[in-house]
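Got your viewer open? Let's take a walk through this structure, one selection at a time.

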Amino acid sequence: MRLSIIGTGYVGLVTGACFAKQGHRVICVDIDPEKIQKINNGISPIYEQGLEELLKTYKDKITATINYQDALENSDVTFLCVGTPSLKDGSIDISYLKEATKQIATILRNKKTWHLIIVKSTVVPGTTQQIVLPLLEQYSGKKVGKDLGLAMNPEFLKEGVAIQDFLQPDRIVFGFYDEPSRNTLRELYKDFTCPLVETSLSAAEMIKYASNAFLATKISFINEIGNLCKHLGIDTYEVATGMGLDSRIGRPFLDSGIGWGGSCFPKDIDALIAWSKEIKEPARIIHSVKEVNAEQPLRLVKILQKHLPTIKGKTIGILGLAFKPDTDDIRDSRAIPIVKELLRKGARIKAYDPQAIGNFKALFPTIEYCASAVDVLSSDAVLITTKWKEFTTLDFKEKIVIDERRLAQAKNAKEYEGVCW
Ligand SMILES: NC(=O)c1ccc[n+]([C@@H]2O[C@H](COP(=O)([O-])OP(=O)(O)OC[C@H]3O[C@@H](n4cnc5c(N)ncnc54)[C@H](O)[C@@H]3O)[C@@H](O)[C@H]2O)c1
C-alpha cells in the first residue's frame, strides 16, 4: 500500500519504518525540517533500538518530507501520529491533531480518489468522531463514509522495544467508521498473526486509555504492597512472583520501585482524570494510582537519609536518568523529582545515563554529568534510578547504594537497600 505518516516522533517513525519493512511505500511528514533531513539520510532522530537499521535497510521504501501535498498525493492511507501532550489541567492538547487534520483535508479537497485517514495519536473517547470527522468534512468538502474513510488505530508500543512491539503485537485494535476503512485495515494488517480487535471509533480510543490506566494501576498497586512489605522486611519481589503465577493476575508490571513515568502513562492518566471530570464521573481508583506514584520516588530519598542522615553538602550519584532502560526519553522520569528533592536538600549531584544525559541537561543544566557509570561512584552515596543492564555488573566499590528496583547484585556495595524490600 501507499502510506503517509503525519508526525514522525516515536510512534510515527516506528510505524513508518515497520510498514516499510513489510513492503509498503511510506512517506513521513513532519513540521521539523531537521528530523526530515535526518530520516532521509538514514539517521534516526530518536534513540530506539533497531530503528536506524530499518531506516537504512529500507531507504528505498521510506522517504520524509515537510510537504503535505506530496505525501497526500502519493499515498492512499494517512496515519495521524502527531503528539497530544498534556495541558495544564491534565486534558490533552489536540491542537496539533486539529492542525494536521485541517491540512490533510484541505489537500484532499482536490484529490479524485478515496483516501483513508487513521488516527493513531492517543485521544480521549469521542475525539475521532466528534472533532476529526467534522474537520475532515469541513475542510475537504467531502463526505466521510463515502469519499473518505476514517479509522482509529491506537498504538501500544513500548519505547525501547518499539520495533518488536509493532511487528509482534499482542493484539491490533482498530475502530472503523465505514466498511471500506475496515477492509483496508484488514488488508494492511493481514500478515500479522495476533488477534485483530475491530470496534467502534470511541471503543478503540477507550481501549488505549483503559490499558494504560490498568498497567499504571498494577505498578502503583505493587508499590503500595511494597511499602507495606518494607515494614517487615518482606521481599516484595518474592510476593510478586507468588502473586504473578496466578494466571488471573500475571507477573508483568509487578516490579515494585519508584513508580511509572514516560511519555504515556502520566499523560494518559491525567487525560482520563480530566475527561472523567468533564463527563462528571468520578475516577477514584485512577486518582489513587496517581497519588501513590507521586509519593514513591521521594521514598528513595527517605531511605537514603537512613544511611546518610545529612544530605546537605554531600555528593549523591544518580545512575539512570531515562524513565526506563533502553531509551533516551526522560519525560516524567522518576529521576526528575529525586534530583529536585536532593538539590532542595543541598546535595551536589553526579549523574550518568547511557543515553539520556543530553535530554536531562536541558532540564538540569548545572548538575555534574559523568562519562561513565564508574565515574559516578566517586560520590558519598549512589541511587539507582533506572534499571539499565550495564548497572547490574558494576562493582559498587564499598558505596552506599539505594536501589529503586531489584538490581540483583549491587556487587561490593557497603550498604545496599531497596525501596520495596
Ligand atoms: N511514545 C510512545 O511510547 C507512545 C505510545 C503509544 C501512543 N503514543 C501516542 O502517539 C502520539 C504521538 O506520540 P509520540 O511520542 O510519537 O510524539 P512525539 O512528540 O515524539 O512526535 C510527534 C511528532 O509530530 C510532529 N508534528 C507536530 N505537529 C505536526 C503537524 N501539524 N504536521 C506534521 N507533524 C507534526 C512533531 O514535530 C513530532 O515530530 C501521542 O498521542 C502519544 O500519546 C505514544
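A charge counts as sitting over a ring when NZ of Lys or CZ of Arg is within 6 Å of the ring centre and within 35 degrees of the ring normal. Keep in mind that what you're looking at is a predicted model.

**Charges over rings**

With that rule in hand, select Arg406 and Trp421: the charged end of Arg406 sits over the Trp421 ring, 4.3 Å from its centre. Now try Arg171 together with Phe156. Here the charged end of Arg171 lies over the ring of Phe156, and the distance to the ring centre is 3.7 Å.

**Rings with rings**

How many aromatic pairs does the structure hold? There are 12 aromatic pairs. Pick Phe174 and Phe176 for a look at one: the ring centres are 6.4 Å apart and the planes meet at 65°, so this pair is edge-to-face. Both Phe174 and Phe176 are buried.

Next, jump to Phe360 and Phe364. Stacked is the word for this aromatic pair, with 5.1 Å from centre to centre and 25° between the planes. Phe360 and Phe364 are both buried too.

For a group of rings, select Phe19, Phe79, Phe166, Tyr189 and Phe192, which ring pairs link into a cluster.

**Into the cores**

Stay with Phe360 a moment longer, since it turns up again in the largest nonpolar core. That core has 47 residues, and those with the most contacts inside it are Leu319, Leu342, Phe360 and Phe396. Colour the elements that give it two or more residues, including helix H12 (284–307), strand E9 (315–319), helix H13 (335–344) and helix H14 (357–363). Which element gives the largest share of this core? H13 does, with 5 residues.

Now show what surrounds Phe360. Leaving out neighbours within four places in sequence, Phe360 is in contact with Leu321, Ile330, Ala335, Ile336, Val339, Ile367 and Tyr369.

Apart from this core lies another, of 45 residues; Ile6, Leu108, Val123 and Leu136 are among them.

**A pocket to finish**

Last stop: the second largest pocket, with about 240 Å³ of space. Its lining has 13 residues, and the closest to the pocket centre are Val124, Pro125, Thr127, Trp275 and Glu278. Highlight helix H6 (127–140) and helix H11 (265–278), the elements that give two or more residues to the lining. The largest share of that lining, 4 residues, comes from H11.

Technical notes:
Residues are numbered from 1 along each chain as its sequence is written. This is a predicted model: local features need pLDDT of at least 70, side-chain atom pairs count only at pLDDT 80 or more; totals for chains, interfaces and linings use all residues. Side-chain values use heavy atoms; hydrogens and water are left out. Rings of Phe, Tyr and Trp (its six-membered ring) pair if their centres lie within 6.5 Å; planes under 30 degrees apart count as stacked, over 60 as edge-to-face and the rest as tilted. Buried means under 20% relative accessible area, exposed over 50%, partly exposed in between (1.4 Å probe, protein chains only). A nonpolar core is a set of buried Ala, Val, Leu, Ile, Met, Phe, Trp, Tyr and Cys residues joined through side-chain atoms within 4.5 Å. Contact means heavy atoms within 4.5 Å. On a 1 Å grid over the protein atoms alone, a cavity is a set of points where a 1.4 Å probe fits but cannot get out, and a pocket is an open set with protein on both sides within 12 Å along at least five of seven lines; lining residues have an atom within 4 Å of a point. Grid points are joined across faces, edges and corners, and a volume is the space filled by probe spheres set on the points.
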